[in-house]
Amino acid sequence: MSDMRPLVEPRRRGGTGAAGAPHLVSAPVGKPDDSAHIAAVRLTKSYRKAGMEIPVLRGVDLEVRRGEFLSIIGQSGSGKSTLLHLLGLLDAPDSGEVQLGGQRIDNLPMHKRDWIRNQELGMIFQFYHLLPELTALENVLSPLLISEGIFSYFRNRRRHVQRATELLEQVGLGHRLKHRPSELSGGEMQRAAIARALAAQPQVLLADEPTGNLDSETGREILRILRTLNDQQNVTIIMVTHDRAIAAEADRTVRLARGSMEVA
Amino acid sequence: MYTLFLCWRYLRTRWIALASVVSVMLGVATMIVVNGVMEGFTREMQGRIHGILSDVVFEANNLEGFPDAAGHMRRIEELAGPYIAGMTPTVALPGQLAFEVDGQWQTRHVSFIGVDTTTYGEVSDFNRYLRHPQSRKHLDFTLHEGGYDLVEGEPDTLKNSGWPHRRQKAVTGAAKSAVALPTAVAKAEQPPPDEVVIRDGYRYRRVRQAPQPGEVVAALRNPFEPLNNAPQFDPSKDTGTGVVLGLGLARVASADGKKFLVLPGDDVKVTVPTATVPPKPSSDTFTVVDLYESGMSEYDANFIFMPLAKLQEMRGMIDRQSGIANVTAIQIKLHNDADGEHVRNLLREAFPGGYYSVHTWRDKQGPLLAAVGMQTVILNILLGMIILVAGFGIFASFCMIVAEKRRDIGILKSLGASSAGVMSIFLSYGLSLGIVGAGAGMLIGLVFIANIQWIADLIARLTGQEVFDPTIYYFQEIPTVVEPLTVLVIVTVAIAIAVQASVIPALMASFLKPVEALRNE
């Protein structure tokens, strides 16, 4: 995979308009710098089950630098998926803050959080979560479809399809463009999911047990793709896993136990 | 963009959801067919009612009528002249008609309508319903030399009726009376003109009657004065005054086809009450000159048309000194764009309500038209319920789809889809299903209406039961009218119900928390 072309093109966005704009200024390509790209500040979250308050996160502090590849390990039920969901704005914390590029993002209005999920964050799941009705190509296109209106989509359609095709070719699925998820193997589905996560050129990739459902060989292949992304395009990656061997691939590993962070 | 894209994709890949709109489709199709038939039925009925009745009927509230029809018409002309296309005076009078069928006299209670031969045809469409082509052009109450038009299923005895029928009947009648015994002759022979046949229990009784004073006066000026008072009345050459009978009287339908009881050329006895107090019967012999069929069984079995002057004379409505005759009604025809109710109100204001009454043709048949309208409303309510039930079907299957799609909804939200976007996927999905269902229903309904006769025949052949019995409904073909506005309303309502049914599932989808949807089981 060393011959991979850059998956994420250098950003050409100005710092105007959208919330949290300052962090969008492109960082120099290279190894982690010192500024915190995405951070959790004293995050707490608890679930209510049968009238009982069950604390899952009890004040989690986490700072991930730009371009860092971090893995979070922990046992089942340690709250690592919950933490990832909070970072990915899929859920709201009970207290504490989620920051992106130094700005708090968990309390933004709904449409801004939707926009950040679409543009700034890419998510990969253990069960791939591709849309079964769509082909691999359409799945990769879906974040672009979501961000575009009808007319702008048709105006940019050619460009979008080209980009989605390139992404799929780069993860080795150039021959599977028109296949439905049900016609793909687990590894292929996960690679399509990675391509989808990258479609809108996010700077942060959140991976929830990306290899949890794959055999070790396929899992390593997925990891190699993530590694390459991190190395070549300086994408910040946070990967949740329960497997120490997998976690070892990352730059840094932290452990989540009983709702708080420990150094692994 | 993704909402339309996904909606389209769901529509194309999830056929099971289409099953839920089958009931919408059937409901829409049924509603279109029912409304088409009801509308056709109503129009047909109105056409027939209107065919006999003129636009506005100005009539006296009693049988005596009012004198000086010409004066009344002038007054009406002054009041509503610009709206009026034509007027004709008529006399309507209940009475009895007796005719001979297979040597037996049959008496019917009927209404006689005396019409002015020159103007009646201009005011009503009555002439259209006559059977002889010449009568249709101009009704003059004279007997024709055959050539009457037949309707399917009728024996061709009608075709050659008229004079040929009359001559032949005169020959056979003479032969019969020559060979028959005197008692039998008395039975078969037509009663003398100055006698009237009265039904007494189950027997007929002949009553000798004094000539009415009116008859004598009228005999001087009435060109239609029957010759049968003359001693040399020869049935093979002479006729009584002409009358036109409705087919409801003249024809019977039985299992082995249609049969005529009376044909043009036959003589009938007419008895009406005189205008004296107390009334006395006044009778005369008439000759049937034509038959009519308006399609309204009520009219066809009841109304018998004859020349106005003859009816006035029999009734004794003609003033001896002045020669001015009473009429009971003035039929008014309006210009096409005139408002009948406006004219009616104008006339109602000007003429005292106790003595005159003014109606539009719609008022005359108000209860019937209202009943048909009521049926349409009730059917629409019931069929609307079907579509409503179909809406609940859509609701149920949408709830299932949303439950099944929980994970996909979570994925979309994790990719940045907004709650409104997710909601609009399901709303537009409901809208598309509604459009598909209602559109298919509309097509089916329209095709059904276009081929309704064929379908009715097929059902009749399969079940042996006539769907629309022509002898009851008077329709040779099932009348249908497709009103574009009605179709539009039905389709729009059906689509609206489908969208309504998808609102709650769509809200459920939009409120779904992505974390709950994506949690790894």
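Below, a user asks how the terms used for this predicted two-chain model are justified, and an analyst replies.

User: What kind of model is this, and how are residues and chains labelled?

Analyst: This is a predicted model in which local features need pLDDT of at least 70 and side-chain atom pairs count only at pLDDT 80 or more, while totals for chains, interfaces and linings use all residues. Residues are numbered from 1 along each chain as its sequence is written, and chains are lettered from A and ligands numbered from 1 in the order in which they are written.

User: What makes a stretch a helix or a strand, and how many are there in chain A and in chain B?

Analyst: Helices (H or I, at least four residues) and strands (E, at least two) are DSSP runs, numbered from the N terminus. On that basis chain A has 7 helices and 10 strands, and chain B has 21 helices and 15 strands.

User: What makes a residue count as buried, and what percentage of each chain does?

Analyst: A residue is buried if 20 or more other C-beta atoms lie within 10 Å of its own, exposed if 12 or fewer, and partly exposed in between, with C-beta atoms placed from the backbone. Of the 264 residues of chain A, 47% are buried; for the 521 residues of chain B the value is 41%.

User: How do you know that chain A touches chain B, and which elements of chain A take part?

Analyst: Two residues are in contact if their C-beta atoms, placed from the backbone, lie within 7 Å. By that rule 26 residues of chain A are in contact with 19 residues of chain B. Helices α2 (110-119), α3 (136-147) and α4 (150-170) of chain A each give two or more residues to this side. Its classes come to 12 nonpolar, 9 polar and 5 charged residues (Ala, Val, Leu, Ile, Met, Phe, Trp, Tyr, Cys and Pro are nonpolar, Asp, Glu, Lys and Arg charged, and the others, Gly among them, polar).

User: How do you know that the length of helix α1 of chain B agrees with its number of residues?

Analyst: The expected span is 1.5 Å times one less than the number of residues. For the 12 residues of α1(B), 2-13, that should be 16 Å, and the end C-alpha atoms are 16 Å apart, so the two agree.

User: Why are the buried residues of α1(B) said to line one face?

Analyst: The residues in question are Tyr2(B), Thr3(B), Leu6(B), Cys7(B) and Tyr10(B). Seen down the axis, they fall within an arc of 130 degrees, so they line one face of the helix; the arc is that of the directions from the helix axis to the C-beta atoms. What covers them includes α3 of chain A together with α17 (419-450) of chain B.

User: Which residues of helix α4 of chain B are buried, and which are exposed?

Analyst: Ala69(B), Ile76(B) and Ala80(B) are buried in α4(B). Their arc is 25 degrees, so they line one face. On the other side, Ala70(B), Gly71(B) and Glu78(B) are exposed. The cover over the buried residues includes β1 (56-60), β3 (84-101) and α13 (340-350) of chain B.

User: What makes β6 and β10 of chain A edge strands?

Analyst: Two strands pair if DSSP finds at least two bridges between them. The open sheet has 6 strands in the order β6-β7-β8-β3-β9-β10 (chain A), with mixed pairing. β6 (121-124) and β10 (260-263) of chain A each pair on one side only, which is what an edge strand does.

User: How do you know that the pairing in this sheet is mixed?

Analyst: β6(A) and β7(A) run parallel and are joined by 4 bridges, with Leu121(A) opposite Val204(A). β9(A) and β10(A) run antiparallel, also over 4 bridges. Here Val254(A) stands opposite Val263(A). These two strands form a hairpin with 2 residues between them, and Arg258(A) in the turn has a positive phi of about 45 degrees.

User: Why is one side of β2 and of β5 of chain A left without a neighbour?

Analyst: In the antiparallel open sheet β2-β1-β4-β5 (chain A), β2 (52-65) and β5 (103-104) stand at the edges, each with a single partner strand, so one side of each has no neighbour in the sheet. For β5(A) that partner is β4 (95-100), joined to it over 2 bridges, and Gln99(A) stands opposite Arg104(A).
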